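Here is a friendly walk through some side-chain contacts and surface features. Have the sequence and the structure open as you read.

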Amino acid sequence: MRVHFTWVVALLLSGCQTMSPENQSSSETNGDPTTSQTETHTAKSSTPQTQVKPVKKPRKQTPQEQTDLWKRIGMQMKLPVPDKKSVQYYRTWYLTHPKHLEIVAQRAKPFLYLITKKIEDRGLPLELALLPVVESAFDAFAYSHGSAAGLWQFVPATGKMYGLQQNFWYDGRRDVDAATDAALSYLEVLGKRFDGNWYQAIAAYNSGGGRVSRAIRQNRRLNKPTDFFSLNLPKETSGYVPKLLALADIIAHQKKYGIDLPPIPNKPVLQLVDPDEQLDLAIAAKYAGMSVKELQSYNPAYNRWATAPNGPHQLLIPIEHVDEFENSIAEHEGQGLKLVRYKVKAGDSLSVIAKKHRTTTKVIEKANNLSGNTIRIGQYLMIPNSVKDAKAYALTAQNRLRRLQSMARGQYKILHTVASGESLWTIARKNNVSYRSLAKWNGMSPIDTLSVGQKLVIWKDSSDGAIIRTVNYQVRSGDSISTIAAKFKVKTKDIIQWNNLANQKYLQPHQKLKLYVDVTKVSI
């Protein structure tokens, strides 16, 4: 019995040793999935199998890599677009007026990349790139009836606050590069003022920070919500933000709304160049190998035929013309203006001479190192003058105004010379027209002041009893302005103004003149 027991014990011990490693392995495998996967992989590796390579998904292009600038902007829109009636209204308006968006896209083409890049560099919402659409329809020459000018529609005071000079030669509010910097700086200030609430900040850009702040305080006193759509704001401002949001929504989802904006290449178009000297725009255009009108279209800040005497001198030049322009500047340094030698006559003053040469007294003083405005008869002065006729500078302030005044707004036009004590309101009342219309006809704001001697165009109909007809008169041998004026019972100064004859001494036979004649006084 004892031997049998010993044998049984040995057999049991042997069984325990055989089972123990298996149980241990099972326990470790249950606790460590890595071990199980390794063992399984080792077991399977002995059987050859075909391995399938994972398919790489194409890398999604970044906004900056897009070929269309609109897509670059649309991909970075972040402001939520609420489901509000005002937003729906403007979205519908844009979608039913695709021609407007096409015109805007064409105007934006030279400038939109520059604006987009500046916004990205500052980390601001890309919706702001569309503000010039809402403000000015991307018209760099825009001038509103509230005295606001340029793409970003700065009023004079705010423009000066943000460093935009405004003088006889130059209006920084229309300088696309400088005004964009100023606008974004202003928007940054407003963004901080309203704690990153961009609806309120954008509204403040339109109507002023104080106006929006007062509306917020009023709602708080009345225990009302202070979000933009709950604020009591001017009608224009209440539509301003929804208009921008609707436009942003369309730009970001063109396929959704079935609209195709004319694409704008996602690459720089213009480069800022500073020649560091005053340049006649005709000479600058020649240096760049382009027309004067095209150069002016990129640089609408310059009111006259040249850049500002004391600066700025900077110009936006198409990138493909920059090398040619800079090489010409280096080759012709200091030759960017034409100087005319003028001998002072009896009755001359610096102001008279300046007006005659379409310049300013300060420019003449600087060109001749004068310490004051005293001059003497017989003295020679060097007068900076344009190399081409005034008409060649098609987009100067004077030529734009002349074109605006010639746009027919009635059956005939009257030219009025402003006298001392007159205002837009008194002149409008005297001629039975709206003072707002009078301002618009003359490229002014209703609140602008007039200067004595200023020429205004007044468009009228025949409601005052006169029957005005346009007469195209061909000058005959022996005719003069005074004899023609007497014949048709009009004023000589009116004939001169109607036909831009101020710089023309004599009439030529067969020359065509346009006259506005009252046929109740003259038989034609």
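The report below goes through salt bridges, ring pairs and a charged surface patch.

Please keep in mind that this is a predicted model.

**Salt bridges**

Let us begin with the charged pairs, for which the count comes to nine salt bridges. Three of them are set out here, with the N to O distance for each.

| Acidic residue | Basic residue | N to O distance |
|---|---|---|
| Glu 102 | Lys 99 | 3.8 Å |
| Asp 177 | Lys 118 | 3.3 Å |
| Glu 188 | Arg 122 | 2.8 Å |

The pair of Lys 99 and Glu 102 sits within one element, helix H5 (residues 98-108). The two residues are three apart in that helix, which puts about one helical turn between them. Lys 99 is exposed, with a relative accessibility of 56%, while Glu 102 is partly exposed at 37%.

The salt bridge between Asp 177 and Lys 118 joins two helices. Asp 177 belongs to helix H9 and Lys 118 to helix H6 (residues 112-122), so this contact ties together parts that are 59 residues apart in sequence. Are these two partners buried or exposed? Asp 177 is buried, because its relative accessible area of 11% is under 20%. Lys 118 also counts as buried, at 18% relative accessibility.

Glu 188 and Arg 122 connect helix H9 with helix H6 as well, so here the parts tied together are 66 residues apart in sequence. Glu 188 is partly exposed, with a relative accessible area of 26%, and Arg 122 is partly exposed too, at 28%. Shared partners also matter for how the salt bridges are grouped: Lys 118, Asp 177 and Asp 181 are joined by them into one network.

**Aromatic pairs**

Now for the rings. How many aromatic pairs are there? The count comes to 12 aromatic pairs. One of them brings Tyr 162 and Tyr 186 together, with ring centres 5.2 Å apart and 45° between the planes, and this pair is tilted. Tyr 162 lies in the loop between helix H8 (156-161) and helix H9 (176-193), whereas Tyr 186 lies in helix H9 itself, so the contact ties together parts 24 residues apart in sequence. Tyr 162 is partly exposed, at 22% relative accessible area, and Tyr 186 is buried, at 14% relative accessibility.

Phe 168 and Trp 169 provide another ring pair, with centres 5.6 Å apart. Why is this pair edge-to-face? The planes of Phe 168 and Trp 169 stand at 80°, so the pair falls in the range over 60 degrees that counts as edge-to-face. Phe 168 is partly exposed, with 33% relative accessibility, but Trp 169 is buried, at 4%.

Returning to the tyrosines, ring pairs link Tyr 162 and Tyr 186 with Tyr 205, giving a cluster.

**A positive surface patch**

The last stop is on the surface. Which residues gather there in a patch of positive charge? The patch is formed by Lys 355, Lys 430, Lys 455, Lys 491 and Lys 493. One of these residues, Lys 430, has its place in helix H20 (residues 424-430). Lys 430 counts as exposed, because its relative accessibility of 64% is over 50%.

Definitions and conventions. Residues numbered from 1 in each chain as written. Predicted model: local features only at pLDDT ≥ 70, side-chain atom pairs only at ≥ 80, totals over all residues. Heavy atoms only, no water. Patch = residues over 30% accessible without salt bridge, like charges linked within 9 Å, V, L, I, M, F, W, Y side chains within 5 Å. Areas by Shrake-Rupley, 256 points an atom, 1.4 Å probe, with all protein chains shown as cover. Salt bridge = Lys/Arg side-chain N within 4 Å of Asp/Glu carboxyl O. Lys, Arg positive; Asp, Glu negative; His and termini not counted. Charge placed at Lys NZ, Arg CZ, Asp CG, Glu CD. Helix = DSSP H or I, 4+ residues; strand = E, 2+ residues; numbered from the N terminus. Buried < 20%, exposed > 50% of the residue type's maximum accessible area, 1.4 Å probe, protein only. Phe/Tyr/Trp six-rings, centres within 6.5 Å; stacked < 30°, edge-to-face > 60°.
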